[in-house]
Amino acid sequence: MAGKLAVEANESDPLLTDLKRLGFTEYEAKIYVQLLRTPLSTAYEISKGANVPRPNTYHSLEALAQRGAVLPVSENPVRYVAAPPDEFLAALSNQTQALCEDLSKRLTSVAPAPNDQYVWMLRGESSVHSKIETLIKESRVSIWIKASDTVLRRHTDVLREAAARGLDIFIVLFGPDAEEFRFGPTCRVYIHEGNGVRMGTTDNLFTVSIDHVETLTAAVEGEVIASYTRNGPIVNLAESLVRHDYYMAEIFARLGPQIEEEFGPYLRDLRLACFSPEQAASFKHRTGLD
(Lines give C-alpha, C1' and ligand atoms only; values in the text may rest on other atoms or scores of the structure.)
Protein backbone atom coordinates (compact mmCIF):
# COMPACT_ATOMS: atom_id res chain seq x y z
CA MET A 1 0.00 0.00 0.00
CA ALA A 2 2.85 2.39 0.83
CA GLY A 3 4.31 1.76 -2.62
CA LYS A 4 0.98 2.56 -4.28
CA LEU A 5 0.63 5.82 -2.36
CA ALA A 6 4.16 6.82 -3.33
CA VAL A 7 3.37 6.21 -6.99
CA GLU A 8 0.20 8.29 -6.76
CA ALA A 9 2.09 11.13 -5.08
CA ASN A 10 4.72 11.10 -7.79
CA GLU A 11 2.08 11.04 -10.51
CA SER A 12 0.44 14.10 -9.00
CA ASP A 13 3.60 16.22 -8.97
CA PRO A 14 3.02 17.84 -12.40
CA LEU A 15 -0.54 18.62 -11.34
CA LEU A 16 0.66 20.25 -8.15
CA THR A 17 3.26 22.26 -10.03
CA ASP A 18 0.73 23.60 -12.52
CA LEU A 19 -1.84 24.38 -9.84
CA LYS A 20 0.79 26.38 -7.97
CA ARG A 21 1.44 28.29 -11.20
CA LEU A 22 -2.24 29.27 -11.06
CA GLY A 23 -1.82 30.70 -7.55
CA PHE A 24 -2.51 27.69 -5.34
CA THR A 25 -0.30 27.19 -2.33
CA GLU A 26 1.33 23.78 -2.08
CA TYR A 27 -1.14 22.70 0.62
CA GLU A 28 -4.12 23.97 -1.42
CA ALA A 29 -2.91 22.09 -4.49
CA LYS A 30 -2.47 18.87 -2.53
CA ILE A 31 -5.92 19.18 -0.97
CA TYR A 32 -7.68 19.91 -4.27
CA VAL A 33 -6.07 16.91 -5.98
CA GLN A 34 -6.82 14.71 -2.95
CA LEU A 35 -10.49 15.72 -3.02
CA LEU A 36 -10.70 14.91 -6.72
CA ARG A 37 -9.48 11.41 -5.85
CA THR A 38 -11.60 10.96 -2.73
CA PRO A 39 -14.71 13.18 -2.71
CA LEU A 40 -16.92 13.55 0.35
CA SER A 41 -13.92 13.54 2.70
CA THR A 42 -13.71 15.15 6.12
CA ALA A 43 -10.91 17.57 7.02
CA TYR A 44 -9.28 14.77 9.02
CA GLU A 45 -9.40 12.39 6.05
CA ILE A 46 -8.10 15.08 3.71
CA SER A 47 -5.26 15.94 6.08
CA LYS A 48 -4.23 12.32 6.32
CA GLY A 49 -4.61 11.52 2.60
CA ALA A 50 -2.90 14.68 1.35
CA ASN A 51 -0.19 14.64 4.01
CA VAL A 52 -1.04 18.17 5.11
CA PRO A 53 -0.92 19.24 8.82
CA ARG A 54 -4.39 19.45 10.34
CA PRO A 55 -4.32 23.22 11.14
CA ASN A 56 -3.13 23.99 7.60
CA THR A 57 -5.86 21.77 6.19
CA TYR A 58 -8.63 23.85 7.79
CA HIS A 59 -7.05 27.11 6.65
CA SER A 60 -6.52 25.82 3.09
CA LEU A 61 -10.04 24.42 2.84
CA GLU A 62 -11.45 27.81 3.81
CA ALA A 63 -9.29 29.56 1.19
CA LEU A 64 -10.26 27.03 -1.49
CA ALA A 65 -13.95 27.37 -0.62
CA GLN A 66 -13.72 31.15 -1.04
CA ARG A 67 -12.23 30.61 -4.52
CA GLY A 68 -14.95 28.11 -5.45
CA ALA A 69 -12.47 25.24 -5.76
CA VAL A 70 -14.07 23.12 -3.03
CA LEU A 71 -17.54 22.92 -1.52
CA PRO A 72 -18.70 21.79 1.94
CA VAL A 73 -21.69 19.51 1.31
CA SER A 74 -22.72 18.15 4.70
CA GLU A 75 -22.60 18.84 8.45
CA ASN A 76 -21.61 16.79 11.49
CA PRO A 77 -19.09 16.01 10.20
CA VAL A 78 -18.43 18.52 7.44
CA ARG A 79 -17.48 16.78 4.24
CA TYR A 80 -16.01 18.39 1.15
CA VAL A 81 -16.00 17.82 -2.59
CA ALA A 82 -13.78 19.40 -5.25
CA ALA A 83 -15.40 21.60 -7.88
CA PRO A 84 -15.31 19.92 -11.32
CA PRO A 85 -11.96 20.92 -12.89
CA ASP A 86 -13.44 22.01 -16.22
CA GLU A 87 -15.98 24.32 -14.57
CA PHE A 88 -13.59 25.68 -11.96
CA LEU A 89 -10.73 26.33 -14.39
CA ALA A 90 -13.07 27.92 -16.94
CA ALA A 91 -14.33 30.32 -14.29
CA LEU A 92 -10.76 31.02 -13.15
CA SER A 93 -9.72 31.68 -16.76
CA ASN A 94 -12.55 34.17 -17.26
CA GLN A 95 -11.77 35.94 -14.00
CA THR A 96 -8.06 36.12 -14.82
CA GLN A 97 -8.72 37.45 -18.32
CA ALA A 98 -11.07 40.12 -17.03
CA LEU A 99 -8.56 41.13 -14.35
CA CYS A 100 -5.70 41.27 -16.86
CA GLU A 101 -7.72 43.40 -19.28
CA ASP A 102 -8.72 45.82 -16.54
CA LEU A 103 -5.22 45.95 -15.10
CA SER A 104 -3.74 46.53 -18.55
CA LYS A 105 -5.95 49.59 -19.04
CA ARG A 106 -5.12 50.99 -15.61
CA LEU A 107 -1.38 50.39 -15.97
CA THR A 108 -1.39 51.91 -19.46
CA SER A 109 -2.93 55.07 -18.05
CA VAL A 110 0.02 55.59 -15.70
CA ALA A 111 2.77 54.51 -18.11
CA PRO A 112 4.60 56.96 -20.40
CA ALA A 113 3.87 56.91 -24.12
CA PRO A 114 5.44 53.82 -25.73
CA ASN A 115 8.78 54.19 -27.44
CA ASP A 116 8.28 52.70 -30.87
CA GLN A 117 12.00 52.63 -31.57
CA TYR A 118 12.61 49.50 -29.53
CA VAL A 119 13.30 46.14 -31.14
CA TRP A 120 11.83 43.36 -29.01
CA MET A 121 13.29 39.85 -29.03
CA LEU A 122 11.11 36.74 -28.77
CA ARG A 123 12.46 33.24 -28.23
CA GLY A 124 10.89 29.82 -28.57
CA GLU A 125 8.49 28.34 -31.10
CA SER A 126 5.36 28.90 -29.02
CA SER A 127 6.18 32.53 -28.19
CA VAL A 128 7.12 33.47 -31.75
CA HIS A 129 4.15 31.85 -33.47
CA SER A 130 1.77 33.19 -30.84
CA LYS A 131 3.01 36.72 -31.62
CA ILE A 132 2.54 36.11 -35.37
CA GLU A 133 -1.03 34.94 -34.72
CA THR A 134 -1.75 38.05 -32.62
CA LEU A 135 -0.32 40.41 -35.24
CA ILE A 136 -2.44 38.89 -37.98
CA LYS A 137 -5.59 38.83 -35.84
CA GLU A 138 -5.19 42.50 -34.84
CA SER A 139 -4.31 43.76 -38.34
CA ARG A 140 -6.67 46.34 -39.79
CA VAL A 141 -5.28 47.37 -43.19
CA SER A 142 -2.63 45.09 -44.65
CA ILE A 143 -0.53 41.98 -44.12
CA TRP A 144 2.67 41.58 -46.11
CA ILE A 145 4.51 38.29 -45.76
CA LYS A 146 7.59 36.55 -47.10
CA ALA A 147 7.66 32.94 -45.91
CA SER A 148 7.81 29.27 -46.80
CA ASP A 149 4.62 27.28 -47.30
CA THR A 150 5.52 24.92 -44.43
CA VAL A 151 5.52 27.78 -41.92
CA LEU A 152 2.64 29.67 -43.47
CA ARG A 153 0.33 26.67 -43.07
CA ARG A 154 0.48 27.16 -39.29
CA HIS A 155 -1.34 30.46 -39.74
CA THR A 156 -3.85 29.52 -42.44
CA ASP A 157 -6.92 30.03 -40.25
CA VAL A 158 -6.08 33.58 -39.11
CA LEU A 159 -5.01 34.56 -42.64
CA ARG A 160 -8.31 33.28 -44.03
CA GLU A 161 -10.15 35.33 -41.38
CA ALA A 162 -8.10 38.40 -42.33
CA ALA A 163 -8.98 37.88 -46.00
CA ALA A 164 -12.66 37.68 -45.03
CA ARG A 165 -12.25 41.10 -43.36
CA GLY A 166 -11.11 42.48 -46.71
CA LEU A 167 -7.50 43.17 -45.74
CA ASP A 168 -4.79 43.60 -48.35
CA ILE A 169 -2.77 40.37 -48.07
CA PHE A 170 0.47 40.28 -50.02
CA ILE A 171 2.58 37.10 -49.90
CA VAL A 172 5.92 36.16 -51.45
CA LEU A 173 5.97 32.39 -51.14
CA PHE A 174 8.71 29.81 -50.93
CA GLY A 175 6.84 26.81 -52.28
CA PRO A 176 5.25 25.51 -55.49
CA ASP A 177 1.54 26.26 -55.02
CA ALA A 178 0.39 29.88 -54.82
CA GLU A 179 -3.28 28.88 -55.01
CA GLU A 180 -3.09 27.22 -51.59
CA PHE A 181 -2.79 30.63 -49.97
CA ARG A 182 -5.10 32.71 -52.13
CA PHE A 183 -7.93 33.13 -49.65
CA GLY A 184 -9.91 35.76 -51.53
CA PRO A 185 -9.81 38.60 -54.07
CA THR A 186 -7.67 40.82 -51.82
CA CYS A 187 -5.03 38.11 -51.30
CA ARG A 188 -2.12 38.23 -53.76
CA VAL A 189 0.49 35.45 -53.75
CA TYR A 190 3.70 35.35 -55.77
CA ILE A 191 6.13 32.44 -56.06
CA HIS A 192 9.63 33.58 -55.08
CA GLU A 193 11.66 34.09 -58.27
CA GLY A 194 9.15 31.99 -60.15
CA ASN A 195 10.33 28.69 -58.64
CA GLY A 196 9.76 28.96 -54.87
CA VAL A 197 13.04 27.22 -54.04
CA ARG A 198 14.78 28.16 -50.79
CA MET A 199 18.35 28.75 -51.85
CA GLY A 200 20.16 30.17 -48.83
CA THR A 201 20.09 30.65 -45.09
CA THR A 202 18.08 33.89 -45.24
CA ASP A 203 15.35 32.09 -47.16
CA ASN A 204 14.47 30.29 -43.92
CA LEU A 205 13.23 33.52 -42.34
CA PHE A 206 9.58 34.43 -41.82
CA THR A 207 8.92 38.14 -42.36
CA VAL A 208 5.58 39.84 -41.81
CA SER A 209 4.66 43.52 -41.93
CA ILE A 210 1.34 44.65 -40.47
CA ASP A 211 -0.59 47.78 -41.49
CA HIS A 212 2.69 49.40 -42.63
CA VAL A 213 3.50 50.21 -38.99
CA GLU A 214 4.96 47.07 -37.38
CA THR A 215 7.03 44.12 -38.47
CA LEU A 216 8.37 40.79 -37.24
CA THR A 217 11.17 38.70 -38.69
CA ALA A 218 11.79 35.21 -37.34
CA ALA A 219 14.32 32.45 -37.84
CA VAL A 220 12.12 29.36 -37.89
CA GLU A 221 14.66 26.57 -38.30
CA GLY A 222 16.81 25.36 -35.40
CA GLU A 223 16.52 27.83 -32.53
CA VAL A 224 13.32 29.79 -33.14
CA ILE A 225 13.97 33.48 -32.47
CA ALA A 226 12.29 36.65 -33.72
CA SER A 227 12.68 40.42 -33.74
CA TYR A 228 9.58 42.63 -33.51
CA THR A 229 9.43 46.40 -33.87
CA ARG A 230 7.36 49.44 -34.78
CA ASN A 231 10.49 51.35 -35.74
CA GLY A 232 9.61 53.16 -38.98
CA PRO A 233 12.86 52.67 -40.93
CA ILE A 234 12.97 48.96 -40.05
CA VAL A 235 9.32 48.50 -41.05
CA ASN A 236 10.09 50.22 -44.36
CA LEU A 237 13.09 47.95 -44.83
CA ALA A 238 10.96 44.82 -44.28
CA GLU A 239 8.29 46.02 -46.71
CA SER A 240 10.96 46.93 -49.25
CA LEU A 241 12.27 43.36 -49.01
CA VAL A 242 8.82 41.92 -49.76
CA ARG A 243 8.14 44.48 -52.47
CA HIS A 244 11.39 43.80 -54.32
CA ASP A 245 10.79 40.05 -54.15
CA TYR A 246 7.43 40.72 -55.77
CA TYR A 247 9.22 42.64 -58.54
CA MET A 248 11.55 39.69 -59.05
CA ALA A 249 8.66 37.22 -59.16
CA GLU A 250 6.97 39.20 -61.93
CA ILE A 251 10.22 39.67 -63.84
CA PHE A 252 10.97 35.94 -63.69
CA ALA A 253 7.42 35.12 -64.79
CA ARG A 254 7.93 37.12 -68.00
CA LEU A 255 11.66 36.88 -68.67
CA GLY A 256 12.73 33.70 -66.91
CA PRO A 257 14.54 31.97 -69.81
CA GLN A 258 16.51 35.09 -70.77
CA ILE A 259 17.53 35.71 -67.14
CA GLU A 260 18.70 32.12 -66.72
CA GLU A 261 20.69 32.29 -69.95
CA GLU A 262 22.40 35.46 -68.79
CA PHE A 263 23.09 34.65 -65.12
CA GLY A 264 22.67 30.88 -64.81
CA PRO A 265 19.91 28.99 -62.94
CA TYR A 266 18.72 30.62 -59.71
CA LEU A 267 20.82 33.72 -60.53
CA ARG A 268 23.83 31.53 -59.82
CA ASP A 269 26.51 33.89 -61.15
CA LEU A 270 25.14 36.91 -59.29
CA ARG A 271 24.68 35.07 -56.02
CA LEU A 272 28.02 33.30 -55.93
CA ALA A 273 29.76 36.61 -56.61
CA CYS A 274 28.61 38.02 -53.26
CA PHE A 275 27.78 35.04 -51.03
CA SER A 276 29.98 34.10 -48.10
CA PRO A 277 31.51 30.59 -48.25
CA GLU A 278 28.77 29.30 -45.94
CA GLN A 279 26.02 30.90 -48.00
CA ALA A 280 27.56 29.59 -51.23
CA ALA A 281 27.67 26.06 -49.82
CA SER A 282 24.02 26.29 -48.72
CA PHE A 283 23.01 27.67 -52.12
CA LYS A 284 24.74 24.87 -54.02
CA HIS A 285 23.31 22.20 -51.75
CA ARG A 286 19.74 23.46 -51.91
CA THR A 287 19.72 23.99 -55.67
CA GLY A 288 21.69 20.87 -56.58
CA LEU A 289 24.36 22.97 -58.27
CA ASP A 290 27.30 21.60 -56.24
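N51 sits out in the open in this predicted model, counting as exposed because its relative accessible area is 60%, above the 50% cut-off. This asparagine is found in the loop that links α3 (43-50) to α4 (54-66). Its backbone is a little unusual too: phi of N51 is near 60 degrees, a positive value in a residue other than glycine. For context, most residues other than glycine have a negative phi.

E193 shows a similar backbone feature, with a positive phi of about 55 degrees although it is not a glycine. E193 belongs to the loop between β7 (187-191) and β8 (205-210). Here, though, the side chain's setting is another story: E193 is buried, because its relative accessible area is just 5%, under the 20% cut-off.

Another backbone oddity turns up at P77, in the loop between β2 (70-72) and β3 (79-82). The peptide bond running from N76 to P77 is cis, with omega near 0 degrees. Most peptide bonds, by contrast, are trans.

Stepping back to the whole chain, the secondary structure adds up to 11 helices and 10 strands. The fold is stretched out rather than ball-like: a compact globule of 290 residues would have a radius of gyration near 19 Å, whereas this chain comes in at 28 Å. The C-alpha trace spans about 95 × 50 × 35 Å along its principal axes. Some 37% of the 290 residues count as buried. Among contacts with a separation of 6 or more, 55% are between residues 24 or more positions apart.

As for the surface, the chain exposes about 16800 Å², and carbon and sulfur atoms supply 55% of that area. Charged side chains number 30 positive and 39 negative, and the centres of the two sets lie 4 Å apart.

Inside, the largest nonpolar core has 33 residues, and those with the most contacts within it are I143, I145, L152, I171, F206 and L216. A second, separate core of 21 residues includes L16, L61, A69 and A82. Back in the largest core, I171 touches I145 and L152, and its partners beyond four places in sequence also include F181, C187, R188, V189 and Y190.

F181 is also touched by R153, which contacts E180 as well, leaving aside residues up to four places away in sequence. R153 is placed in the loop between α7 (149-152) and α8 (156-164), and counts as partly exposed because its relative accessibility is 40%. The C-alpha atoms of R153 and E180 are 9.2 Å apart, with the two positions 27 residues apart along the chain.

How values were computed. Residues numbered from 1 in each chain as written. Predicted model: local features only at pLDDT ≥ 70, side-chain atom pairs only at ≥ 80, totals over all residues. Heavy atoms only, no water. Helix = DSSP H or I, 4+ residues; strand = E, 2+ residues; numbered from the N terminus. Rg over C-alpha atoms; globule rule 2.2 N^0.38 Å. Buried < 20%, exposed > 50% of the residue type's maximum accessible area, 1.4 Å probe, protein only. Contact = heavy atoms within 4.5 Å. Areas by Shrake-Rupley, 256 points an atom, 1.4 Å probe, with all protein chains shown as cover. Lys, Arg positive; Asp, Glu negative; His and termini not counted. Charge placed at Lys NZ, Arg CZ, Asp CG, Glu CD. Core = buried A, V, L, I, M, F, W, Y, C linked by side-chain atoms within 4.5 Å.
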